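Subject: A structure for you, with notes

Hi there,

Here is the structure I promised to pass on. Could you take a look at it when you have a moment, and then read my notes underneath?

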Amino acid sequence: MKFLSIIASLLIFHLVQSQNYSVENLPENLKNGSDAVVRFSEGEFEILSIDKAKYRTKAVITILNKDGNHNAAIGVFYDKLISVNNFSAFKYDASGKRIFKAKNSDFVDQAITTGVNFYDDNRIIGIDMRQDEFPYSIEYEYELTFKYLYFIPKWYFHSGISEAVEFSRYSIISPEDLKPRQQSVNTDNPEESYEEGKLIWEWERSNLKAINPEPYGLSFKELAPHVIVSPSKFEFDGYRGDLSTWDGFAKWQNILNEGRSEIPQETADYIKKATHNLSDEEKVKVIYEYLQSKTRYVSIQLGIGGFQPFPAKFVDDVGYGDCKALSFYTKSLLQEVGIESDYTLVYGGDNPPIINKDFPSPAYFNHVILNVPLAEDTIWLECTSQTNPFGYLGSFTGNRDALVISNEGGSIVRTPKYDLKKNQRISNVEVKINELGNASLKIKNQYKGLEYEYGNLNFYVNYGNDRQKKWIQNSIDIPSFSIDYFEFIHNKDIPSIELKTSLSANKLVSKSGTRYFLQPNIINKNKWIPNKDNNRTQDIIEDHAYWEIDTVIYELPEQHTVEAFFDPIEISSEFGEYYAEIKKGDDGKIIYLRTYKQFDGVFPNTSYENYINFHKQIVRADKKRISFIKKT
């Protein structure tokens with residue numbers, strides 16, 4: 001059977017080598033709904049020793065339209081511990097005729113440096129074969145040599161969204177004593193065999209239709225069949241470790257951090273004096289704010305420096321560091337005043353991976369924060385920000401699993417979630433309308449919890465007046481207005497931001513004859529309705545709950561009165577709750593009240609029509625108008 005398997009694999013490879021890449025040969029079921037089709041892709045990762053491995057890959061992709069054109073820009077990352085060999089690239093026209101073979105001069109090799117990357121040895125070599133005439137096919141092949149065994153590349157059978165697969169294969173070859181671990185996600189476990197004392201795993205998939213994630217559903221990474229492989233024993237830049245357990249992973253990281261916590265005596269004396277007679281939480285806050293005032297973030301990626309923090313003394317001297325260095329520096333400062341904290345690995349950004357607690361792997365993480373377990377509460381610190389409120393993680397690292405590394409080992413812990421009661425946007429508006437339909441407005445808006453990040457306000461609040469004014473202009477949905485005055489009040493203890501502003505608005509209300517028309521919800525109109533989809537297959541995912549509370553008080557021109565008030569509007573569903581009413585106040589002013597609660601959760605795909613209708617009702621309610629006329 002093993003012999004037959006080898007023969008079959010050789011035949012497949014031969015067919016791929018000799019086949020005509022004509023688009024006519026593509027099955028119609030793979031072209032439908034696709035921007036590109038992977039005709040053939042193969043990856044092979046071979047573990048040579050505890051500190052060395054090779055990775056070989058080859059792919060042929062037919063690009064059907066401009067949305068699939070990104071597949072023809074191929075880039076390969078490398079550094080001093082990864083070398084690139086045997087990089088070749090070809091291009092074929094729609095009939096399958098070869099029209100391009102890359103020369104050495106066609107490849108671009110350059111450093112990857114950004115404004116915050118002070119130290120790195122990362123480089124990229126690549127080639128851009130994109131064209132404007134479709135369809136066409138590209139082929140590429142390369143080999144990587146790793147001078148370490150720590151990461152093993154993931155394998156996605158689809159190369160991306162809207163891309164079908166004709167055939168794809170991934171192989172792992174390993175000595176028996178270095179047998180890695182594997183997780184087959186949305187696909188079958190590999191065929192396992194042994195040859196000349198080596199373990200061989202093989203995954204094969206064919207005839208896979210394109211994956212097109214549905215809005216407010218699972219992401220491509222969650223839907224796509226893929227393979228995660230992680231070593232058990234490994235060595236990186238001379239540091240050996242065991243990744244078969246979270247404790248083993250934590251022990252390796254603790255070894256990297258060992259002996260690097262010393263800080264200058266002058267700094268130690270300063271923070272001890274600054275925190276004298278304070279509670280533990282107050283001490284943590286003083287030290288965090290000291291960190292923010294003294295340091296700034298830069299990205300540092302140099303060999304083992306990608307995982308090992310700079311010594312605390314170095315950060316104290318130079319005043320900068322990356323997430324590892326700044327988190328470890330903060331940990332060292334806390335240690336000086338008798339407070340223990342835990343170095344914590346986490347994924348920062350959107351769509352965090354779902355961590356399999358039984359499958360330890362570094363592939364889940366890209367960022368470091370600090371966990372401070374006090375007797376009363378646990379405090380989480382984002383140490384790379386000079387402006388973050390104390391204890392606030394926000395949407396970047398909140399509400400996800402993280403690896404907390406203590407002296408005892410490693411454990412998966414959930415970071416804080418900001419719920420409906422914390423995520424509030426509260427508006428209080430006073431509007432005075434004149435007979436021309438123009439108006440003056442006094443607005444007081446509060447943004448709390450994750451709403452603190454509304455429209456990136458958490459960044460703009462630290463910018464200058466011009467950029468803050470632009471934020472107001474982009475965030476207030478009134479057709480034509482000028483800003484007479486504004487002020488942002490930043491309360492980091494909640495956290496919250498309060499905006500106070502005065503505006504002059506032209507033609508706030510429309511006029512027809514002697515009658516004026518006004519949409520009373522002028523400050524917070526919902527305009528979004530999900531697209532109709534009769535073939536919804538995925539559950540609906542709302543991962544952000546929030547609460548809007550609006551009060552708008554109108555002073556009409558003298559001798560004017562509202563013709564009729566609309567009845568209170570109440571909308572309730574599994575997705576949220578909405579209430580709006582307009583009434584006359586005791587002083588003759590008109591009061592508009594509105595509340596909207598957006599619930600989070602996972603809702604069945606069968607509720608999608610209800611989801612659309614819920615948002616339709618809210619959009620309709622927010623457009624409600626009243627009319628007023630002059631008394632006769």
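Below are some notes on a sheet and its helices, a set of paired strands, and a few polar residues.

First, the ground rules. This is a predicted model, in which local features need pLDDT of at least 70 and side-chain atom pairs count only at pLDDT 80 or more, while totals for chains, interfaces and linings use all residues. Residues are numbered from 1 along each chain as its sequence is written, and side-chain values use heavy atoms, with hydrogens and water left out.

**The five-stranded sheet and its helices**

Let me start with an open sheet of five strands, ordered β23-β22-β21-β24-β25 and paired antiparallel. (Helices, H or I of at least four residues, and strands, E of at least two, are DSSP runs numbered from the N terminus; two strands pair if DSSP finds at least two bridges between them.) The edges are taken by β23 (378-381) and β25 (409-414); each has a single partner strand, so one side of each is left without a neighbour in the sheet. On average, neighbouring strands here are turned by 30° against each other, direction ignored. (Axes are lines fitted to C-alpha atoms, for helices over the stretch in contact, and angles run from 0 to 180 degrees between N-to-C directions.)

Within this sheet, β21 (residues 342-346) and β24 (residues 401-406) pair in the antiparallel sense over three bridges. One residue to look up is Y343, whose bridge partner in β24 is I405. Helix α8 (residues 323-336) packs on the sheet, where it touches β21, β22 (367-373) and β23, and its direction makes about 20° with that of β22. Contact, here and below, means heavy atoms within 4.5 Å.

Helix α8 also meets helix α6 (residues 280-294): their axes come within 10 Å and cross at roughly 140°. That makes α6 oblique to α8. (Angles under 35 degrees count as roughly parallel, over 145 as roughly antiparallel, 65 to 115 as roughly perpendicular and the rest as oblique.) The residues in contact are V284, I287, Y290, L291 and K294 from α6, with L326, Y329, T330, L333 and L334 from α8.

**Strands around β31**

Next, have a look at β31 (residues 515-518). Its side chains alternate: Y516 and L518 point to one face and are buried, whereas R515 and F517 point to the other and are not. (Buried means under 20% relative accessible area, exposed over 50%, and partly exposed in between, with a 1.4 Å probe and protein chains only.)

Strand β30 (residues 510-512) pairs with β31 in the antiparallel sense over three bridges, and S510 has F517 as its bridge partner. The two strands form a hairpin with two residues between them, and G513 in the turn has a positive phi of about 65°.

β31 also pairs with β39 (residues 626-630), again antiparallel, over four bridges. Here Y516 is the bridge partner of F628, and L518 stands opposite I626. Strand β34 (residues 560-562) pairs with β39 too, in the antiparallel sense over three bridges; in that pairing T561 is matched with I629.

**Three polar residues**

N69 lies in the loop between β2 (52-63) and β3 (73-78) and is buried, at a relative accessible area of 11%. Its side chain makes a polar contact with the side chain of Y136 (2.4 Å). (A polar contact is a pair of N or O atoms within 3.5 Å; within protein, one must be able to donate a hydrogen and the other to accept it, and residues adjacent in sequence count only if both atoms are side-chain atoms.) Leaving aside neighbours within four places in sequence, N69 is in contact with I63, R130, Q131, F134 and Y136.

E143, in strand β9 (residues 136-146), is buried as well, with a relative accessible area of 15%. The side chain of E143 makes a polar contact with that of K54 (3.3 Å).

And N189, in the loop between β12 (181-185) and β13 (191-195): buried or exposed? At 57% relative accessibility, N189 counts as exposed. The N189 side chain makes polar contacts with the side chains of Q182 (3.1 Å) and S184 (3.3 Å).

Happy browsing, and best wishes!
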